[in-house]
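Thank you all for coming; I would like to walk you through one structure this morning, going slowly for those who have not met it before. Please have the sequence and the picture open while I talk.

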Amino acid sequence: MEIEKVKCLIIGSGPAGYTAAIYASRAGLNPVLYQGLQPGGQLTITNDVENYPGYPDGINGPQMMEDFKRQAERFGTDVRYGIATAVDFSSQPHKVTIDDQKVIEAHTVIISTGASAKWLGLESEARLNGSGVSACAVCDGFFYRGQEVAIVGAGDTAAEEATYLANLCKKVYMIIRRDEMRASTIMQERVKKTANIEIIWNSVTEEIVGQHAVEAMRIRNVLTDEVTEIPVSGFFVAIGHQPNSAIFADYLNLDENGYIRTIPGTSKTNIDGVFACGDVQDFTYRQAVTAAGSGCMAALDAERYLAASDLH
């Protein structure tokens, strides 16, 4: 198997990976970045980004990620297509297998593999993703000010996003499969006290109605099988995210949900020379701007590690 030696390997793109690449390149680390399954990350399925500083008129997600990529390449980042399929962090240099065909030996590894939103699995959900269907109320709720929307989910994130949407929207329908919520008591109380949130219990979404944009949702009561169609212009899915961390599980400390644990205030993992940034380690904020900030941290931590180890 082909072996290549590098000083700094970045696994994954998106705001975290590309920002890490910009800083690592400028520090002379000659980083190699593999873009992964979804080059540009979750932002490539986001039509409009209006909350990232520096874009006063907003920008669409794919264009923004192309800008990040070009900036990283401008400073010398070697951006490549490819997927990390195995790792060995047992000794220095760390070994990462790409596409089951090539091994990269790297003194520092920056992990920015992100997290994937969990979806309901409906054809209409996939077709209307970015055209009224979203997995991030904080990102996209602004576009539905004064309108009626729906959110699916029963945990703390769903409750938090429902109350966030309620501040912007005329009405929020909260679709819950069972007759109770999984959210903490305080979050449940907050939802129930919000006048323009209507909880629809014991119900599942059968279909999101609309040809080119969301027009309504068709829901079924699981107890009575009664089907109801309710007009909405936005449909938010808040049933959780899955961090893309499985291949690191044998070496890195993960929390109970699979997010990589980092030493607070840093991007450092439990393995020297391995750093994590962006949504693969951030289960709290999950925003482009916080991901970019953590990518900066990872590159600075990697540079300092190399300098202290006499590997720079």
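What you see here is a predicted model, and I will begin with how two of its helices meet. Two packed helices are described by the angle between their axes and the distance between those axes. For helix α1, which covers residues 14-26, and helix α7, which covers residues 288-308, the packing angle is about 35° and the axes lie 7 Å apart. The crossing of α1 over α7 is right-handed. If you look for the residues that make this contact, α1 brings P15, A16, T19, A20, Y23 and A24, and these meet A288, A291, A292, S294, G295, C296, A299 and L300 of α7. Sorted by class, the contact of α1 with α7 holds 11 nonpolar and three polar residues, with no charged residue.

Let me turn to the sheets. Strands of a sheet pair through backbone hydrogen bonds, and they do this either in the parallel or in the antiparallel sense. One open sheet here has five strands, in the order β8-β15-β9-β10-β11, and its pairing is parallel. At its edges stand β8 (133-134) and β11 (197-200), each with a single partner strand, so one side of each has no neighbour in the sheet. Helix α5, residues 156-166, packs on this sheet and touches β9, β10 (171-175), β11 and β15, while its direction makes about 165° with that of β10. Within the sheet, strand β9 (residues 148-152) and strand β15 (residues 234-237) pair in the parallel sense over four bridges, and there A150 stands opposite F235 of β15.

Another open sheet has three strands, in the order β12-β13-β14, and here the pairing is antiparallel. Its edges are β12 and β14, and because each of them has a single partner strand, one side of each is left without a neighbour in the sheet. From one strand to the next, the twist averages 25°. Strand β13 (residues 216-221) and strand β14 (residues 227-231) pair over five bridges in the antiparallel sense; I219 has T228 of β14 as its bridge partner, and R220 has V227 of β14. These two strands, β13 and β14, form a hairpin with five residues between them, and in its turn D225 has a positive phi of about 65°.

That brings me to the backbone, where it helps to recall that most residues other than glycine have a negative phi, and that most peptide bonds are trans. N202, a residue other than glycine, has a positive phi near 50°, and you will find N202 in the loop between β11 and β12. Which form does the peptide bond from Q92 to P93 take, cis or trans? That bond is cis, with omega near -5°, and P93 lies in the loop between β4 (84-88) and β5 (94-98).

Finally, I would like to look at the spaces in the model. The second largest pocket has a volume of about 330 Å³, and of the 14 residues that line it, the closest to its centre are L120, V152, I176, R177 and I239. Which strand gives the most to the lining of this second largest pocket? It is β12 (residues 203-209), with three residues. By class, the lining of the second largest pocket divides into seven nonpolar, three polar and four charged residues.

As for cavities, the count comes to one of 30 Å³ or more, and the largest cavity has a volume of about 30 Å³. Its lining is made by A135, T157, E161, V237, A238, G240, H241 and R286, which by class gives three nonpolar, three polar and two charged residues.

Note on methods:
Residues are numbered from 1 along each chain as its sequence is written. This is a predicted model: local features need pLDDT of at least 70, side-chain atom pairs count only at pLDDT 80 or more; totals for chains, interfaces and linings use all residues. Side-chain values use heavy atoms; hydrogens and water are left out. On a 1 Å grid over the protein atoms alone, a cavity is a set of points where a 1.4 Å probe fits but cannot get out, and a pocket is an open set with protein on both sides within 12 Å along at least five of seven lines; lining residues have an atom within 4 Å of a point. Grid points are joined across faces, edges and corners, and a volume is the space filled by probe spheres set on the points. Ala, Val, Leu, Ile, Met, Phe, Trp, Tyr, Cys and Pro count as nonpolar, Asp, Glu, Lys and Arg as charged, and the others, Gly among them, as polar. Axes are lines fitted to C-alpha atoms, for helices over the stretch in contact, and angles run from 0 to 180 degrees between N-to-C directions. A crossing is left-handed if the near helix is turned anticlockwise from the far one by less than a right angle, and right-handed if clockwise. Contact means heavy atoms within 4.5 Å. Two strands pair if DSSP finds at least two bridges between them.
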